[in-house]
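Good morning, and thank you for coming. I should like to take you through one protein structure, beginning with a single helix and working outwards.

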Amino acid sequence: MDKTRKYPCYAVIFRSTQTDCQEGYTETAARMEELARQQAGFLEIQSFRSPAGEGVTISYWKDLPSIQAWKQNPEHQTAQQLGKKKWYENYTIEVARIESASHFSQNGPELDTPRSS
C-alpha cells in the first residue's frame, strides 16, 4: 500500500481467467505495466495469479479521466484485443472510488489516511 497516496482516488480491478495459450503474454503484460506507469494519473499497480490461471490486477489512479486516457492508449487497445483473442477465457473490470485507507505493520505505526480536502 502506498502510504503517501492522496484520497479519494480510484482502483481499476481486473479479474481474469487465462486460456492455455500464453505465447507473448508475459512480454505484453510487462510492457503494459511499463506504459501504465508512464500514464498521467497513474499511482500504483499490484497483480496476483493462482496456479490455475485465475488472476487479479489492481491499478490505482488519481481520477476517472486518467483511467479513460489509459483505456484509450493505442498500444493498450492492441493488447486488449490480443487478450480477448488469445490470452483470456474471461475477465471482469470494475472501477471503484477509494475514500480513505488504513494500514497496519508489525514494524511501524498504524496509519489512517483520511480523505484529502
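**A walk through the model, starting at α1**

Helix α1, residues 25–38, contains 14 residues and reaches 20 Å from its first C-alpha to its last, close to the 20 Å expected at 1.5 Å a residue. Please keep in mind throughout that this is a predicted model.

Which residues of α1 are buried? They are Tyr25, Thr28, Met32, Leu35 and Ala36. Viewed down the axis of α1, these buried residues fall within an arc of 100°, so they line one face of the helix. The face turned away from that buried side carries the exposed residues Thr26, Glu27 and Gln38. As for what covers the buried residues of α1, the list includes β1, β2 (42–49), β3 (54–61), α2 (64–72), α3 (74–87) and β4.

Let me now place this helix in the chain as a whole. The protein chain has 3 helices and 6 strands. Read from the N terminus, the elements follow the order β-α-β-β-α-α-β-β-β. The C-alpha trace spans about 45 × 30 × 20 Å along its principal axes. Of the 117 residues in the chain, 33% are buried. Among contacts between residues at least 6 apart in sequence, 72% join residues at least 24 apart. The accessible surface of the chain comes to about 7,700 Å², and 51% of that surface belongs to carbon and sulfur atoms.

A second helix may be described in the same way. Helix α3 has 14 residues and reaches 19 Å from its first C-alpha to its last, close to the 20 Å expected at 1.5 Å a residue. In α3 the buried residues are His76, Ala79, Gly83 and Trp87. Down the axis of α3, they fall within an arc of 55°, and so they line one face of the helix. Pro74 and Lys85, on the other side of α3, are exposed. The cover over the buried residues of α3 includes β1, α1, α2 and β4. Helix α1 is thus listed as cover for α3, just as α3 is listed for α1.

I turn next to the charged side chains. How many salt bridges does a search of the whole structure find? It finds 6. One of the salt bridges joins Arg5 and Glu44, whose closest N and O atoms are 2.3 Å apart. This pair links distant parts of the chain, with Arg5 in the segment before β1 and Glu44 in strand β2, 39 residues apart. Are these two residues buried or exposed? Both Arg5 and Glu44 are buried.

Two further salt bridges bring us back to α1. Glu34 pairs with Arg31 in a salt bridge, and their closest N and O atoms are 3.3 Å apart. Both residues lie in α1, 3 residues apart, which is about one turn of the helix. Glu34 counts as partly exposed at 42% relative accessibility, and Arg31 is also partly exposed, with a relative accessible area of 28%. Arg31 and Glu34 are linked with Glu75 in a network of salt bridges.

The other pair in α1 is Arg37 with Glu33, where the closest N and O atoms of the salt bridge are 2.8 Å apart. Here the two residues are 4 apart, again about one turn of the helix. Arg37 counts as partly exposed at 47% relative accessibility, and Glu33 is partly exposed with a relative accessible area of 31%.

Let us move to the surface and its nonpolar side chains. Leu64, Tyr91, Ile93 and Val95 form a nonpolar patch there, with about 350 Å² of accessible area together. Which element gives the largest share of this patch? That is strand β4, residues 88–98, from which 3 residues come. Tyr91 is found in this strand and is partly exposed, with a relative accessible area of 31%.

Another aromatic residue, Phe104, lies in strand β5, residues 101–105. Why does Phe104 count as exposed? Its relative accessible area is 54%, and the cut-off for exposed is over 50%. The C-alpha atoms of Phe104 and Ile58 are separated by 20 Å, and the two residues are 46 apart along the chain.

I close with a detail of the backbone. The peptide bond from Tyr7 to Pro8 is cis, with omega near 0°. Pro8 is placed in the segment before β1, which covers residues 9–18. Thank you for your attention.

Key. Residues numbered from 1 in each chain as written. Predicted model: local features only at pLDDT ≥ 70, side-chain atom pairs only at ≥ 80, totals over all residues. Heavy atoms only, no water. Patch = residues over 30% accessible without salt bridge, like charges linked within 9 Å, V, L, I, M, F, W, Y side chains within 5 Å. Areas by Shrake-Rupley, 256 points an atom, 1.4 Å probe, with all protein chains shown as cover. Salt bridge = Lys/Arg side-chain N within 4 Å of Asp/Glu carboxyl O. Buried < 20%, exposed > 50% of the residue type's maximum accessible area, 1.4 Å probe, protein only. Expected span 1.5 Å × (residues − 1). Arc of directions from axis to C-beta. Contact = heavy atoms within 4.5 Å.
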